[in-house]
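Here is a short note for a colleague opening this model. Please keep the structure in view while reading the points.

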Amino acid sequence: MSKTEMVPSEDKLDHLIAEFATCAVANVSDNLDRLRGAKGIKPFHRAGVMVGRALTIKVVPGSNGFIHRALDIVKPGEILVVDGGGYCDRALIGEIMVAIAKSRGAAGYVIDGAIRDIDNISSNDFPVFARDFIHLGPYKDGPGAINIPVSIGGMMVHPGDIIMGDADGVVAIAPQEAETLLANTRAQQKKEEEILASVAAGTYTGAYAK
């Protein structure tokens with residue numbers, strides 16, 4: 001990413017987010033030099049791609065009080081990105097908090113920690129990514145912070161970053177790199193489509209190994 005790249009306008013970012021929704025996380029990851037991604041974070045919802053802007057939340061292990069605070073300010077299209085320190089002995093959200101987020105127009109959750117009510121979450125399409133699940137519920141009185149840089153599975157996420165998630169996992173995109181990244185991702189998608197067409201036609205000659 002060039003240091004001279006500028007943050008796109010909000011209208012432009014909305015367009016880029018819509019375009020990223022048709023991309024694969026793996027292709028985006030490849031064009032981030034295969035270095036950036038949330039390790040150990042996986043989808044628990046039924047299906048579908050998640051794309052939106054990050055509303056970042058930092059909580060102490062096992063306490064979700066600041067997630068409740070974030071639900072009071074979340075904007076439509078934002079993803080609640082929760083740094084729970086990878087602690088999985090208590091669930092930070094469940095069915096009710098998913099319903100609240102959905103009702104307020106949020107685009108999903110990313111939880112570096114545990115969740116619960118898996119039967120409900122897994123039967124719905126509202127995006128929920130997390131590290132694990134457990135039935136034990138959270139405390140609500142711990143300290144925390146909203147809209148600060150957080151670490152999710154070893155990946156730094158800043159407030160307002162574009163967050164993408166699909167069956168392969170989650171990646172964060174800085175707004176100022178989004179336009180170039182989208183173009184590079186599209187080029188890779190086209191190349192892969194051509195490779196698959198050559199495989200189907202019996203003319204593949206090793207292009208994917210290069």
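1. Start with a charged pair. Lys 58 forms a salt bridge with Asp 83, and their closest N and O atoms are 3.3 Å apart. A salt bridge here is a side-chain nitrogen of Lys or Arg within 4 Å of a carboxyl oxygen of Asp or Glu. Lys 58 lies in strand S2 (residues 50-59) and Asp 83 in strand S3, so the pair ties together parts that are 25 residues apart in sequence. Strands (E, at least two residues) and helices (H or I, at least four) are DSSP runs, numbered from the N terminus.

2. A word on the source. This is a predicted model: local features need pLDDT of at least 70, side-chain atom pairs count only at pLDDT 80 or more, and totals for chains, interfaces and linings use all residues. Residues are numbered from 1 along each chain as its sequence is written, and side-chain values use heavy atoms, with hydrogens and water left out.

3. Is Asp 83 buried or exposed? Asp 83 is buried, at a relative accessible area of 7%. Its partner Lys 58 is partly exposed, at 32%. Buried means under 20% relative accessible area, exposed over 50%, and partly exposed in between (1.4 Å probe, protein chains only).

4. Asp 83 has further partners. Strand S3 covers residues 78-83 and includes Asp 83. The Asp 83 side chain reaches the backbone nitrogen of Gly 85 at 3.0 Å. The Asp 83 side chain also reaches the backbone nitrogen of Ser 151, at 3.2 Å. Leaving out residues up to four places away in sequence, Asp 83 touches Ile 57, Lys 58, Val 59, Asp 112, Val 150, Ser 151 and Ile 152. Contact means heavy atoms within 4.5 Å.

5. How many salt bridges does the structure hold? There are nine. One of them joins the side chains of Arg 186 and Glu 19, at 2.8 Å from N to O. This pair links distant parts of the chain: Arg 186 is in helix H6 and Glu 19 in helix H1, 167 residues apart. Arg 186 is partly exposed at 28%. Glu 19 is partly exposed at 25%.

6. Another pair sits in loops. Arg 104 forms a salt bridge with Asp 72, with the closest N and O atoms 3.3 Å apart. Arg 104 is in the loop between helix H4 (95-103) and strand S5 (108-115), while Asp 72 is in the loop between helix H3 (65-71) and S3, 32 residues apart. Arg 104 counts as partly exposed at 37%. Asp 72 is exposed at 61%.

7. Now helix H6. It spans residues 178-201, 24 in number, and reaches 34 Å from its first C-alpha to its last, close to the 34 Å expected at 1.5 Å a residue. That expected span is 1.5 Å times one less than the number of residues. The buried residues of H6 include Leu 181, Leu 182, Gln 188 and Ile 195. Which elements do the buried residues of H6 pack against? They pack against helix H1 (10-20), helix H2 (25-30), strand S10 (162-166) and strand S11 (169-173).

8. Finish just past the helix. Gly 202 follows H6 directly and takes a positive phi of about 80 degrees. Tyr 208 is found in the segment after H6. Tyr 208 counts as exposed, at 58% relative accessibility.

Technical notes: A polar contact is a pair of N or O atoms within 3.5 Å; within protein, one must be able to donate a hydrogen and the other to accept it, and residues adjacent in sequence count only if both atoms are side-chain atoms.
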